[in-house]
Amino acid sequence: MNGNGPSRLVDPLEDPLPGVGTYEDFNTIDWVREKSKDRDRHREITNKSRQSTMALLRRISDAFSGWLLMLLVGLMAGAVAGGIDISAHWMTDMKGGVCLQGFWFNHEHCCWLSNETTFQERDRCPQWKSWAELITGTSEGAFAYVVNYMMYIFWALIFSFLAVILVRAFAPYACGSGIPEIKTILSGFIIRGYLGKWTLIIKTITLVLAVSSGLSLGKEGPLVHVACCCANILCHLFTKYCKNESKRREVSRVYFLYLCVHLSLLQVSYYFPLKTLWRSFFAALVAAFTLRSINPFGNSRLVLFYVEFHTPWHLIELAPFILLGIFGGLWGALFIKANIAWCRKRKTTRLGHYPIIEVLVVAMLTAVLAYPNSYTRMSGSELISELFNDCSMLDSSQLCSYKQQANMSEPGVDNSLAGPGLHTALWQLALALVFKMMITVITFGMKVPSGLFIPSMAVGAIAGRLLGIGMEQLAHHNRDSVIFKGWCSAEAECIMPGLYAMVGAAACLGGVTRMTVSLVVIMFELTGGLEYIVPLMAATMTSKWVADAFGREGIYEAHIRLNGYPFLEPKEEFEHSSLAVDVMRPRRNDPALAVLTQEGMTVGEVESTHYSGFPVVVSSESQRLVGFVLRRDLLISIDNARKRQDGIVSASQVLFTEHAPSLPDAPPPLRLRCIMDLSPFTVTDHTPMDITVDIFRKLGLRQCLVTHNGRLLGIITKKDILKHMAQMANRDPDSILFN
């Protein structure tokens with residue numbers, strides 16, 4: 001630049017600066033600005049495509065990149081999920097023994113390879129050896145039982161220790177379910193590293209270890225986190241996604257929808273374009289194809305718990321189904337309150353300082369209490385599959401141990417009378433129910449990956465199976481009563497305990513998560529049972545109504561509030577008559593609002609500011625609003641201007657006007673109008689807060705300016721709204737601050 005000539009004024013949009021338009025950690029994105037940037041980018045590509053063939057090809061590539069990204073994420077997420085399921089099954093079986101033909105085979109696959117396995121003893125084969133057989137040479141006797149018991153505890157402690165130590169050392173964000181944080185991120189909050197490559201690697205490994213340790217947790221919730229990590233990582237391969245925060249969340253939202261809340265579209269995020277729904281459909285196709293190719297469940301089906309009931313349900317059975325819904329609602333409300341109280345104690349006492357010891361103690365307690373009971377010893381998925389099972393003539397399960405008559409093939413002979421094996425199974429299930437209900441409360445939320453779908457379904461399935469067997473025996477002893485006469489004949493089964501287990505599982509999961517329509521869809525996917533939609537819907541709705549009577553928050557919303565994440569829950573209604581002037585800052589006795597004037601301020605004055613954003617006004621006297629600018633963009637622009645423009649010093653004026661005034665004997669000014677938002681959202685001081693809250697929810701705003709007759713009065717941020725809502729609910733307003 002010529003020293004005698006005029007200084008060139010830096011325009012960040014005409015000459016883009018790296019870092020302008022980005023966000024700091026633990027801040028909320030500006031959805032409106034991000035969508036505006038994407039529209040400008042798309043408009044530029046469209047205009048250039050009319051000028052040359054290469055530009056046209058670039059436009060086609062840009063349009064196709066979204067579908068290609070969906071394909072890659074679907075393949076990657078499906079492959080990782082299949083690998084997690086296969087590995088967890090193998091390592092779970094390792095606690096009981098090892099396959100001599102190959103240590104990488106789990107118990108089921110090992111016995112499939114054997115030619116000496118019979119149908120009646122299909123779980124026993126010479127190739128599979130328990131630890132007692134390997135160490136002592138026998139599987140019978142008290143000493144063999146003790147050896148297997150000790151090895152079960154040993155492997156549980158090893159797996160849980162590896163899980164918690166890997167999380168602590170390499171990826172602290174890999175712990176927990178991940179769904180509360182994913183919902184917060186999809187709403188626009190920035191948590192750097194939460195969807196990064198290290199989190200993906202460590203969460204994948206530790207999820208296998210945590211599930212295999214026997215802790216009362218599942219892998220379905222953390223799989224949502226894993227899929228969103230895959231989406232975020234692959235977004236960096238495509239420019240339009242890696243440079244736009246809203247586009248990146250659009251991809252993660254697709255897989256969050258598919259894996260978690262398929263139909264609860266409004267609960268996922270503030271911004272949901274229609275094309276995301278179509279891409280969710282494509283994501284489902286790719287993920288289903290990948291899972292079908294991997295076949296992780298070993299049954300050539302896409303569902304985890306395949307059921308095939310042969311008896312239709314009767315209208316009278318709606319009463320016990322609703323009873324299961326009441327139980328699910330009560331259990332859900334009790335679990336949420338107990339788990340949040342325990343997690344709050346973990347955060348506020350010395351218990352939270354020793355996460356490794358906590359995990360090991362809970363793992364030890366779980367293994368010691370779980371092993372003696374066969375229903376708590378098996379994994380959660382195996383337990384639910386066992387409870388959903390519809391008994392057949394060749395079934396060897398204790399749950400199917402009925403007294404069989406010698407002339408069972410003759411018509412009119414009843415074969416549903418409970419036998420001694422079923423009596424034993426009933427008290428074991430009762431003990432398992434109490435154990436699962438208590439141990440899950442202290443397990444969920446520890447510093448290991450932990451999902452809640454399987455434990456919640458297990459509690460409901462146990463309760464449902466117990467009620468189903470009770471109804472079955474009641475029908476057996478009272479076939480001539482008014483209730484059962486006419487539809488419950490002696491020639492056929494009329495009560496299916498497995499159906500009651502499935503309905504109970506849905507009821508308890510609904511009570512904990514407060515999902516309704518999406519829960520019924522999930523149950524269809526997990527079980528394939530489409531015929532029993534009415535029992536599932538009745539139990540699910542009853543469960544939600546009962547649970548909502550004790551509090552409208554689901555477990556994930558409760559953890560969002562506990563952790564202080566800035567998330568405006570769409571289901572929470574604002575029932576107060578506050579106005580915008582009651583919530584805005586500054587309050588009556590507070591210092592004046594920090595603003596920037598469109599001219600007259602120096603670089604030094606701007607750099608000395610400490611807030612994250614500033615309204616720009618015409619002058620301090622008029623307070624007429626001009627726009628809004630972020631402090632991060634200001635500092636980046638000033639730093640780059642000092643490197644690229646001669647004469648920029650602390651005394652240089654900062655201008656937000658279109659034309660720079662001529663100032664003789666003054667250092668060259670710095671024009672920053674182009675980094676300013678010229679159309680910030682504003683409300684008047686008398687705008688009702690319920691309307692303001694709806695604006696924040698539906699547009700995803702990070703702040704809103706309050707004016708009176710065009711003059712700036714104050715500012716409302718998302719945290720101000722959350723604080724006000726907490727104060728109105730008689731909660732500590734500072735509890736919503738994220739730490």
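Select Cys-99 to begin: this residue is buried, with a relative accessible area of 3%, where buried means under 20% relative accessible area, exposed means over 50% and partly exposed lies in between, for a 1.4 Å probe and protein chains only. Before going further, note that this is a predicted model, in which local features need pLDDT of at least 70 and side-chain atom pairs count only at pLDDT 80 or more, while totals for chains, interfaces and linings use all residues. Residues are numbered from 1 along each chain as its sequence is written, and side-chain values use heavy atoms, with hydrogens and water left out.

**The two disulfides**

Keep Cys-99 selected and add Cys-110, which is buried as well, with a relative accessible area of 0%. A disulfide joins Cys-99 to Cys-110, with 2.2 Å from S to S, and the term stands for a pair of cysteine sulfur atoms within 2.5 Å. The angle about the S-S bond is 75°, and the link of Cys-99 and Cys-110 is right-handed. Cys-99 lies in strand 1 (residues 97-99) and Cys-110 in helix 3 (residues 107-112), so the pair ties together parts that are 11 residues apart in sequence. Helices (H or I, at least four residues) and strands (E, at least two) are DSSP runs, and they are numbered from the N terminus.

How many disulfides does a search of the whole structure find? The search finds two, and to see the other one you can select Cys-111 and Cys-125, whose sulfur atoms are 2.2 Å apart. The torsion about the S-S bond of Cys-111 and Cys-125 is about -75°, so this disulfide is left-handed. Here the pair links distant parts of the chain, with Cys-111 in helix 3 and Cys-125 in the loop between helix 3 and strand 2 (128-130), 14 residues apart. Cys-111 is buried, with a relative accessible area of 5%, and Cys-125 also counts as buried, at 8% relative accessibility.

Two further cysteines can be selected at this point: Cys-343 counts as buried at 3% relative accessibility, and Cys-704 counts as buried at 2%.

**Helix 5 against helix 7**

Two packed helices are described by the angle between their axes and the distance between the axes. Select helix 5 (residues 142-170) together with helix 7 (residues 197-212), which pack at an angle of about 160° with their axes 8 Å apart. That makes helix 5 roughly antiparallel to helix 7, since angles over 145 degrees count as roughly antiparallel, under 35 as roughly parallel, 65 to 115 as roughly perpendicular and the rest as oblique. The axes are lines fitted to C-alpha atoms, for helices over the stretch in contact, and the angles run from 0 to 180 degrees between N-to-C directions.

Now show the side chains where the two helices meet, contact meaning heavy atoms within 4.5 Å. From helix 5 come Phe-159, Leu-162, Ala-163, Leu-166, Val-167 and Phe-170, and they meet Trp-198, Ile-202, Ile-205, Thr-206, Leu-209, Ala-210 and Ser-212 in helix 7. By class, this contact of helix 5 with helix 7 has 11 nonpolar, two polar and no charged residues, where Ala, Val, Leu, Ile, Met, Phe, Trp, Tyr, Cys and Pro count as nonpolar, Asp, Glu, Lys and Arg as charged, and the others, Gly among them, as polar.

**Ile-233 in helix 8**

Next select Ile-233, which is found in helix 8 (residues 220-235). Is Ile-233 buried or partly exposed? At 26% relative accessibility, Ile-233 counts as partly exposed. Not counting residues up to four places away in sequence, Ile-233 touches Leu-195, Gly-196, Lys-197 and Leu-200. Ile-233 and Lys-197 are 36 residues apart in sequence, and their C-alpha atoms are 6.7 Å apart in space.

**Helix 21 and Arg-346**

Move on to helix 21 (residues 555-563), where eight of the nine residues are buried, so this helix is largely enclosed by the rest of the structure. Its buried residues pack against helix 6 (179-186), helix 12 (318-348), helix 17 (453-477) and helix 18 (497-513). Just after helix 21, select Gly-564, which takes a positive phi of about 75°.

Finally, select Arg-346 in helix 12, which counts as buried at 7% relative accessibility. Not counting residues up to four places away in sequence, Arg-346 touches Leu-351, Gly-352, Glu-358, Ile-442, Phe-444, Gly-445 and Met-446.

**The whole chain**

Zoom out to the whole chain, which has 26 helices and 11 strands, and of its 739 residues 52% count as buried.
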